[in-house]
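The following exercises concern one protein model. Each task is followed by a worked solution.

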Amino acid sequence: GCPFIAEVELDDNDGAANAFSVEGSRLRMLLGAIPDEAVVFDYDDSAKKVKVGTAGGPKQTFGSLNPDDFPYWGARFEEAEEGATLPAHRLSAALNYAKRFASTDESRTPQFCVCEVRGSRVAATDQKSAAVVEMPLLGEAAFRIHIKHVSTVLSFLNAMGTDDVTVHTH
């Protein structure tokens, strides 16, 4: 693919760039529809709106979530406590089994669209059937992975092979 090059023009009095957000799927769709040229992002901090388009062309307006509500993850990672350490392929096997039982019906049962790790178990249910995989290596680790993200986590774990992974919790 082509390289991503960003040039930031600061127009605030304090010289700091304003942060904004644009939903990834909308941005991908927009970028696929515009010619291969520079893309301009204009952010209106007071209205929380982002205008995206080419320099001379029309611009699409998107709402931006307040970036202050999404603090930089680096500080959170530093605050996270180290939990269980276990072979990646073991966690992968447990998640791969449990994911088949998780609900995919987000409109009716979003609370069940997860694989949940708690109390040395990996569990999932769609309210018709359930899977519980005992994994003493998980110790007291507790986290949830949305069913949409399980395949990404599995890809990572499978790439790690038999190496150990450490679960951090915040």
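**Preliminaries**

The accessible surface of the protein comes to about 12,000 Å², of which 51% belongs to carbon and sulfur atoms; areas follow the Shrake-Rupley method with a 1.4 Å probe, and for residues only the protein chains shown count as cover. The model is predicted: local features need pLDDT of at least 70, side-chain atom pairs count only at pLDDT 80 or more, and totals for chains, interfaces and linings use all residues. Residues are numbered from 1 along each chain as its sequence is written, and side-chain values use heavy atoms, with hydrogens and water left out.

**Exercise 1. Determine how many helices and strands the protein has, and in what order the elements run.**

Step 1. Elements are taken as DSSP runs numbered from the N terminus: helices are H or I with at least four residues, strands E with at least two.

Step 2. On this basis there are four helices and nine strands.

Step 3. Read from the N terminus, the order is α-β-β-β-α-β-α-β-β-β-β-α-β.

**Exercise 2. Describe the open sheet formed by four strands.**

Step 1. Strands pair if DSSP finds at least two bridges between them. The resulting order is β7-β6-β5-β8, with antiparallel pairing.

Step 2. β7 (130-134) and β8 (143-146) are the edge strands, each pairing on one side only.

Step 3. From one strand to the next, the twist averages 15°; axes are lines fitted to C-alpha atoms, for helices over the stretch in contact, and angles between N-to-C directions run from 0 to 180 degrees.

Step 4. Four bridges join β5 (residues 114-118) to β8 in the antiparallel sense. E116 has R144 in β8 as its bridge partner.

**Exercise 3. Analyse helix α4 (residues 147-160), which packs on the sheet.**

Step 1. α4 touches β5 and β8, and its direction makes about 100° with that of β8. Contact here means heavy atoms within 4.5 Å.

Step 2. The expected span is 1.5 Å times one less than the number of residues. The 14 residues of α4 should therefore span 20 Å, which agrees with the 20 Å between its end C-alpha atoms.

Step 3. The buried residues (under 20% relative accessible area; exposed is over 50%, partly exposed in between) of α4 are I147, V150, L154 and L157. Because they cover an arc of only 70° around the axis, they lie on the same side of α4; the arc is that of the directions from the helix axis to the C-beta atoms.

Step 4. On the other side of α4, K148, T152 and A159 are exposed.

Step 5. The buried residues of α4 pack against α3 (88-98), β5, β8 and β9 (164-169).

How values were computed
Buried means under 20% relative accessible area, exposed over 50%, partly exposed in between (1.4 Å probe, protein chains only).
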